[in-house]
Amino acid sequence: MPGIDKLPIEETLEDSPQTRSLLGVFEEDAAAISNYINQLFQAMHRIYDAQNELSAATHLTSKLLKEYEKQRFPLGGDDEVMTSTLQQFAKVIDELSSCHAVLSTQLADAMMFPITQFKERELKEILTLKEVFQIASNDHDAAITRYSRLSKRRENEKIKAEVTEDVYTSRKKQHQTMMHYFCALNTLQYKKKIAMLEPLLGYMQAQISFFKMGSENLTEQLEEFLTNIGTSVQNVRREMECEVENMQQTIEDLEIASDPLYLPDPDPTKFPVHRNLTRKAGYLNARNKTGLVSSSWERQFYFTQGGNLMSQARGDVAGGLVMDIDNCSVMAVDCEDRRYCFQITSFDGKKSSILQAESKKDYEEWICTINNISKQIYLSENPEEIAARVNQSALEAVTPSPSFQQRHESMRPTVQSRPPAARTSSTGSLGSESAALSALSLDSLVAPDTPIQFDIISPVSEDLPGQAKSSGQSGRRTNPFGESGGSKSETEDSILHQLFIVRFLGSMEVKSDESPDVVYETMRQILAARAIHNIFRMTESHLLVTCDCLKLIDPQTQVTRLRFPLPNVVLYATHQENKRLFGFVLRTSGGRVESRQTSVCYIFESNNEGEKICDSVGLAKQIAFHAELDRKASEKQKEIDRVKEKQQKELNKQKQIEKDLEEQSRLIAASSRSNQSSGEGQFVVLSSSQSEDSDLGEDGKKKRESEA
């Protein structure tokens, strides 16, 4: 049997979002098991009902055959041979009926009983524990909320003792319920195998015993297989029993060890404050302003990641960025309605957050940890040792700072000592800056040693002297809605105009543009590069999709930052899981090697509109394709019309020539008839006239012809 996935019982007291997320996976698995077992139970119940019906029908047939001799048919006489034959059949069928009855009993005991027990007892136990755990979790959250609302100025020892006892009781109840719930879910992974294998094993053994008299050879072939299955079931049962004993022992040990931690504010003498931490995680209450004076508090799970403070709500898959705490200011604050509060202010003073810790120990540890991260101790090789050296400054951060401006000025020189993490640079090399990042490169999709561009060059910089404009940028102001004043916009005639809010993550050159895997791999490398270099700032733009091109427009100045011709966009895709990420591949001429086409993949983040943007780009390409087909058809029709017009002119010219020839032939024929009727005298006259005509010239000839 393969290894069994298990829920960590040791992490039940921490109750982190990761543990809850893993619990959700096990709960989904339990629901899937319950659904499948119900379907399997119905199928096996049909077999059992059919076997009972077959047994009853066989017995009825045998009974009817025995009663044949008692029947009195009007046209039939006594037939002793028929009667004795049917009696023999009745005896054999009666024996078969007995075998079928034994088979029905074996199916009920070996097949239906195990799966019914698992369905009615084990699965219902899981549902019951789930409901009890949910109630305990809700009671603990309510108790924590009441404890957090204890007034600092008007302390009532009786109320405080009641609330503290309530927190202790609810937390202990939640912990114990959660551990037993985890134990049941872990045990379910074993029991589901037994619940499916035991009924099948019982069914096969009952069938073999039924057909054993006539199928000895078949029995010999199945005996080894069934023996192995039986051995496997026994092994799983023994392993389950051993694991259950271990989990029960773990629960007992954790209950004893975790008893002091049930209190929300443990004794600092037993649990000293760690002031040298550079990483911290736990639940905090964050204050959110709801008005000029009023505010609300929200409880979330906070943790530090590098130089960032992250938060994660219960049920979320991943955390979100709260604040960049490099060179930040942290100080204790005195809130009127809450205890253990501290304030974090960013380096530039534009962003601040007020948080409340659960206990004084967490309160001091959070302040010391953020203060250590603010001094960038986490970037050193041995952060705990360096943090111990500056322990005095960390202790000073626990008390309120006299002025934010003083801390702001005192921290400003530390910016120059920061490592070149490419936070303000526009590009970063995968091959030279980070060995870990270069290991992520796949030569089959991405060009090796290609740089990643993390930002868009602003068009304002194009006015600087000595700086050439980029081939893909334009400094002309553009109205994305096609309502320009003096000159007509190049996208005004476009059928499609769709505007989206996007944030540029990065771009890099790629080798291939034939598969969406290129876009997925580029997304992975750019996100990994941002994580390694601690780059979290993104440039927000408006993406305008038309039938001619894609434009990145500055949302404030309406200046076109980048323009991508639509025919050059050869591939576009959305991330399979995160629909906020999308990208497209642009095929351009030139690159690192001259006279060669290159492909560059651009990656963006949207507001859950990745699929809409890809659909819009696909629609634009379809419209452009059909417009191109219509244009070619129109040009072809014009060419056909020109050819027809030319042929018509040639035909008219030919008809005119034929008409002239016919007229000349008619005149010659008329002249011949006139000569024959006039005789010889007339011939002399005509001869003289012809001589005169030769003297008169061409005009005289025409005149003579007209008179004739």
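Cysteine 183 counts as buried, at 7% relative accessibility. Buried means under 20% relative accessible area, exposed means over 50%, and partly exposed lies in between (1.4 Å probe, protein chains only). Cysteine 547 is buried too, with a relative accessible area of 11%. How many disulfides does the structure hold? Zero. A disulfide here is a pair of cysteine sulfur atoms within 2.5 Å. Cysteine 547 is in none, and its nearest cysteine sulfur, that of cysteine 549, is 9.9 Å away.

This is a predicted model: local features need pLDDT of at least 70, side-chain atom pairs count only at pLDDT 80 or more, and totals for chains, interfaces and linings use all residues. Residues are numbered from 1 along each chain as its sequence is written, and side-chain values use heavy atoms, with hydrogens and water left out.

**The whole protein**

The protein has twelve helices and 16 strands. Both are DSSP runs, numbered from the N terminus: helices are H or I with at least four residues, strands are E with at least two. Of the 708 residues, 38% are buried. The protein exposes about 41700 Å², and carbon and sulfur atoms supply 52% of that area. Accessible areas come from the Shrake-Rupley method with a 1.4 Å probe; for residues, only the protein chains shown count as cover. Now take the contacts with a separation of 6 or more: residues 24 or more positions apart account for 68% of them. Contact means heavy atoms within 4.5 Å.

**Two cores**

The largest nonpolar core has 34 residues. Such a core is a set of buried Ala, Val, Leu, Ile, Met, Phe, Trp, Tyr and Cys residues joined through side-chain atoms within 4.5 Å. Those with the most contacts inside it include Ile9, Leu23, Phe118 and Tyr181. Four elements give two or more residues each: α1 (17-66), α2 (80-148), α3 (157-210) and α4 (216-258). The largest share, eleven residues, comes from α3. What does phenylalanine 118 contact, leaving aside its neighbours within four places in sequence? The list is Ile33, Ile37, Leu123, Leu188, Lys191, Lys192 and Ala195. Apart from this core lies another, of 24 residues, among them Val545, Leu552, Leu562 and Val617.

**A seven-stranded sheet**

One open sheet has seven strands in the order β4-β3-β2-β1-β7-β6-β5, with antiparallel pairing. Strands of a sheet pair through backbone hydrogen bonds, either parallel or antiparallel. Two strands count as paired if DSSP finds at least two bridges between them. Why do β4 (320-324) and β5 (329-333) stand at the edges? Each has a single partner strand, so one side of each is left without a neighbour in the sheet. Neighbouring strands are turned by 40° against each other on average, direction ignored.

Helix α5 (residues 360-374) packs on the sheet. It touches β1 (281-289), β2 (295-305), β3 (308-312), β5 and β6, and its direction makes about 15° with that of β6. Axes are lines fitted to C-alpha atoms, for helices over the stretch in contact, and angles run from 0 to 180 degrees between N-to-C directions.

Asparagine 327 is in the loop between β4 and β5. At 4% relative accessibility, asparagine 327 is buried. Its C-alpha atom is separated by 9.7 Å from that of asparagine 372, 45 residues apart along the chain.

**Strand pairs**

Here are three antiparallel pairs.

| Strand pair | Bridges | Facing residues |
|---|---|---|
| β6 (341-345) and β7 (352-356) | five bridges | Cysteine 341 and glutamine 356 |
| β10 (498-510) and β11 (539-545) | seven bridges | Arginine 503 and glutamate 540 |
| β11 and β12 (549-553) | four bridges | Leucine 543 and leucine 552 |

Strand β11 is mostly covered: six of its seven residues are buried. β11 and β12 form a hairpin with three residues between them.

**Two positive phi values**

Most residues other than glycine have a negative phi. Aspartate 15 has a positive phi of about 50° although it is not a glycine. Aspartate 15 sits in the segment before α1. Is aspartate 15 buried or exposed? It is buried, with a relative accessible area of 6%. Glutamine 558 also has a positive phi, near 60°. Glutamine 558 lies in the loop between β12 and β13 (560-565). With a relative accessible area of 24%, glutamine 558 is partly exposed.
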